Amino acid sequence: MTDRELVWANEGDAGLEHVRLRAGSDGVVADGLRVQTGDTGPVRVQFRVRCDGRWRVRETVVDLLDGTEPLRLEADGDGRWAFAGKPLPSLEGCLDVDILTTPFTNTLPIRRLELAVGDSADIDLAYVDVPGLEVSRERQRYTRLDQVTYRFEAGEFAADLLVDGDGLVVEYPGLFVRLWPA
């Protein structure tokens, strides 16, 4: 993967996201900014996700840009997480993060798992709610349906995600569509 810039729009309501993705031999860093409407009004979210070369999350920062303290999570790549230097045993074994407002974080397990067509994997991950910035453990399932389609399941929710050759979401039906590159 080379460095990329991506833009997604929300389907059905107002929202736009810009992500700069930098890839190197030591890993990947995604810097994103999302502006969207929410139940209580507009929300601005800036995030940074740093992964090692095997797409395991090493650091996640989520900032609401409203003067509150950003959420900063650290991970060792082997399933141990910390917040403000204190261990988070509830996330033990999680290798990925899912930030509610962005389609980008679906790329993390897609890249890390490297599923063959027809294969599935159940994963537990660190789920970050926005705008609350609460962190919890969530179970998700990814199934590779064909070369460019993954079924994503979380609880009762399911969606078939269309991705590009780098595993980046092109279309997340009902929620997001990629504008750049189209």
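Is Thr105 buried or exposed? Thr105 is buried, because its relative accessible area is 1%, and buried means under 20%. Keep in mind that this is a predicted model.

So where does Thr105 sit? Look in the loop between β9 and α1, the helix that covers 107-113. Leaving aside residues up to four places away in sequence, Thr105 touches Val97, Asp98 and Ile99. Strand β9 spans residues 97-99, which makes this strand a handy next stop on a tour of the model.

**From β9 into the core**

Let's start with Val97. Again not counting residues up to four places away in sequence, Val97 touches quite a list: Val49, Val57, Thr60, Trp81, Thr105, Leu108, Leu125, Ala126 and Val128. Val97 also turns up among the residues with the most contacts inside the largest nonpolar core, together with Val49, Val62, Trp81 and Phe104. That core has 46 residues. Which strand gives the most to this core? The answer is β10, with 6 residues.

**How the strands pair**

Strand β10 takes in residues 120-128. On one hand, β10 runs parallel to β9, and 3 bridges join the two. Asp98 stands opposite Tyr127 of β10 here. On the other hand, β10 runs antiparallel to β11, which takes in residues 135-146. How many bridges join β10 to β11? There are 9 of them. To pick out one pair by eye, find Asp122, whose bridge partner in β11 is Arg141.

The hairpin of β10 and β11 has 6 residues between the strands. Two backbone details are worth a look in this part of the chain. Leu133 takes a positive phi near 60° in the hairpin. Then there is Pro131, found in the loop between β10 and β11, where the peptide bond from Val130 to Pro131 is cis, with omega near 15°.

**Backbone details elsewhere**

The model has another cis peptide bond to show you, running from Trp180 to Pro181, with omega near -20°. Pro181 belongs to the segment after β15. As for positive phi values, Ala84 and Glu114 can be added to the list; neither is a glycine. Ala84 lies in the loop between β7 (81-83) and β8 (86-87), while Glu114 lies in the loop between α1 and β10. Are these two residues buried or exposed? Ala84 is exposed, because its relative accessible area of 64% is over 50%. Glu114 is exposed too, with a relative accessible area of 67%.

Here are the backbone angles side by side:

| Where | Angle | Value |
|---|---|---|
| Val130 to Pro131 | omega | near 15° |
| Trp180 to Pro181 | omega | near -20° |
| Ala84 | phi | near 55° |
| Glu114 | phi | near 50° |
| Leu133 | phi | near 60° |

**Out on the surface**

To finish, go back to Trp180, which is found in strand β15 (residues 176-180). Why does Trp180 count as exposed? Trp180 has a relative accessible area of 55%, so it falls in the exposed class, which is over 50%. Which residues make a nonpolar surface patch with Trp180? They are Leu16 and Leu179, and the patch is about 330 Å². So the tour ends with an exposed residue, Trp180, after starting from a buried one, Thr105.

Technical notes
Residues numbered from 1 in each chain as written. Predicted model: local features only at pLDDT ≥ 70, side-chain atom pairs only at ≥ 80, totals over all residues. Heavy atoms only, no water. Pairing = 2+ DSSP bridges. Helix = DSSP H or I, 4+ residues; strand = E, 2+ residues; numbered from the N terminus. Patch = residues over 30% accessible without salt bridge, like charges linked within 9 Å, V, L, I, M, F, W, Y side chains within 5 Å. Areas by Shrake-Rupley, 256 points an atom, 1.4 Å probe, with all protein chains shown as cover. Salt bridge = Lys/Arg side-chain N within 4 Å of Asp/Glu carboxyl O. Buried < 20%, exposed > 50% of the residue type's maximum accessible area, 1.4 Å probe, protein only. Contact = heavy atoms within 4.5 Å. Core = buried A, V, L, I, M, F, W, Y, C linked by side-chain atoms within 4.5 Å.
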